[in-house]
Amino acid sequence: MIAVSIRNATLKLKNREVLSNIDIDLFEGEQLTVLGGLEADLFIAMIAGVIPPSSGTIQIFGNDALKYRQQLSSLVSYLPPDPYIPPTLKLREYLELSCTVRRIEKAEQKELVSSLLESLGLKKSSEYRLGQLSESEKRMAALAAVLVTGSRLLLLTRPFENLSFDYRELVAEHLRKTSKSGVTCILTSNTFDHLTKTDKVAIINNGRLVAQGILKDLVKIILDEQYLVLRVMDTKAVMEKLSKFPTIKKIGLSRDGVIKIWLKDFSNDASPTIELLFSLNLGVKQISIEQLNAVEACKQMYRKIIQEET
């Protein structure tokens, strides 16, 4: 079943079009990470109904998100950019209050809260007042208050922001588990380290959706993942020779003198290029094939799309 369907959604603020004709479908249990800074945050707020679209349609679980906003409120949870944290409440009390607002029975609350505190590594902080927590813990508290409600759709604005590495890992793992249980999640992010754990990625630039899809597919389409790594005796001489190779797309040189070679068609050009390099007696000490790690691939993909769009 399609959890979220967006068609031609446009958002205008002060007569300026900040989002233009956005189209996205997301199935139940999928997790979508949206990159794009403030525009991505506005996109989440638009789906949540905080800022309704100027035109276009948003459907959540088959219902018009604006027309049936009140009826859908029990199914959707939204984490705003700067959530208010009541300083005098204890963390456990805060999460129980969030359950109460969602009309979750008192008998269920204790188990739900305890389980989530354990999952997010917050058990030791549960009896501390929110005002006593670190900034990272406060951010976790705000996120936990959204997650504890058991909503079918999570709309999370920068849930990894200002979190320690350990907390980021715990949140990413928890979101993966909720997705497997059928919960749909749309989140925004200014970092790339968790993207390998998301199902789909969307990139918004200058108000337009410029890329969307499965991360692995996007990287393959947009980037040259694999490249040759060359260690040689005379770097300068080899660089001059390489510039004349018809199979080479681009050449890079690291600070330690290692040459990186990207080919026009890696699958077909790699073997003949390696054979040619050895046959020319260029003083090649070592040739290896390497691949961008997933996080670096995400970063380069994002930069490349933004550069091409500007």
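The 41 positive and 37 negative charges of the protein chain have mean positions 2 Å apart. This holds for a predicted model. The chain exposes about 16200 Å², and carbon and sulfur atoms supply 49% of that area. Of its 310 residues, 48% are buried.

**Overall build**

- The secondary structure of the protein chain comes to ten helices and 14 strands.
- Along the principal axes, the C-alpha atoms fill a box of roughly 75 × 45 × 35 Å.
- Take the contacts between residues at least 6 apart in sequence: 68% of them join residues at least 24 apart.

**The open sheet S2-S1-S4-S5**

- Four strands make up an open sheet, in the order S2-S1-S4-S5, with antiparallel pairing.
- Strand S2 (16-27) and S5 each have a single partner strand and stand at the edges, so one side of each lacks a neighbour in the sheet.
- Strand S1 (residues 2-13) runs antiparallel to strand S4 (residues 55-60), and five bridges join the two.
- Two facing pairs place S1 against S4. Ile6 stands opposite Ile58, and Thr10 stands opposite Ser55.
- S4 also pairs with strand S5 (residues 63-64), in the antiparallel sense, over two bridges.
- In that pairing, Ile60 stands opposite Asn63 of S5.
- S4 and S5 form a hairpin with two residues between them. Phe61, in the turn, has a positive phi of about 50°.

**Strand S3 and its parallel partners**

- Strand S3 (residues 31-35) is mostly covered, with five of its five residues buried.
- Gln31, Thr33 and Leu35 point one way from S3, while Leu32 and Val34 point the other way. Residues on both sides are buried.
- S3 pairs in the parallel sense with strand S8 (residues 184-188), over four bridges. Ile186 in S8 is the bridge partner of Leu32.
- S3 also pairs in the parallel sense with strand S9 (residues 200-205), again over four bridges. Here Thr33 has Val201 of S9 as its bridge partner.

**Helix H5: a covered helix**

- Helix H5 (residues 135-147) has 13 residues. From first C-alpha to last it reaches 18 Å, close to the 18 Å expected at 1.5 Å a residue.
- Eleven of the 13 residues in H5 are buried, and the helix is mostly covered.
- The buried set in H5 includes the charged-type residues Glu137 and Arg139. Ala141, Ala142, Ala144 and Ala145 are also among the buried residues, as are Met140, Leu143, Val146 and Leu147.
- The cover over these buried residues includes three helices: H3 (91-101), H4 (106-119) and H6 (165-180). Strands S6 (76-79) and S7 (153-156) are also part of the cover.

**Helix H9: burial along the helix**

- Helix H9 (residues 266-279) has 14 residues and reaches 19 Å from its first C-alpha to its last, close to the 20 Å expected at 1.5 Å a residue.
- Phe266, Asp269, Ala270, Thr273 and Leu277 are buried in H9.
- An α-helix has 3.6 residues a turn, so residues three or four places apart point the same way.
- Just after H9, Asn281 takes a positive phi of about 50°.

**Two buried side chains to inspect**

- Arg158 lies in the loop between S7 and H6. Its relative accessible area is 16%. Buried means under 20%, so Arg158 counts as buried.
- Beyond its neighbours within four places in sequence, Arg158 is in contact with Asp41, Pro81, Arg139, Thr188 and Asn190. Of these partners, Arg139 is one of the buried residues of H5, and Thr188 belongs to S8 (residues 184-188).
- Cys99 is found in helix H3. Cys99 is buried, with a relative accessible area of 0%.
- Leaving aside neighbours within four places in sequence, Cys99 is in contact with Ile104, Gln109, Val113 and Val148. Gln109 and Val113 fall within the range of H4 (106-119).
- Cys99 and Leu19 lie 80 residues apart along the chain, and their C-alpha atoms are separated by 33 Å. Leu19 falls within the range of S2 (16-27).

Terms used
Residues are numbered from 1 along each chain as its sequence is written. This is a predicted model: local features need pLDDT of at least 70, side-chain atom pairs count only at pLDDT 80 or more; totals for chains, interfaces and linings use all residues. Side-chain values use heavy atoms; hydrogens and water are left out. The expected span of a helix is 1.5 Å times one less than its number of residues. Buried means under 20% relative accessible area, exposed over 50%, partly exposed in between (1.4 Å probe, protein chains only). Contact means heavy atoms within 4.5 Å. Two strands pair if DSSP finds at least two bridges between them. Accessible areas come from the Shrake-Rupley method with a 1.4 Å probe; for residues, only the protein chains shown count as cover. The place of a charge is taken as NZ of Lys, CZ of Arg, CG of Asp or CD of Glu.
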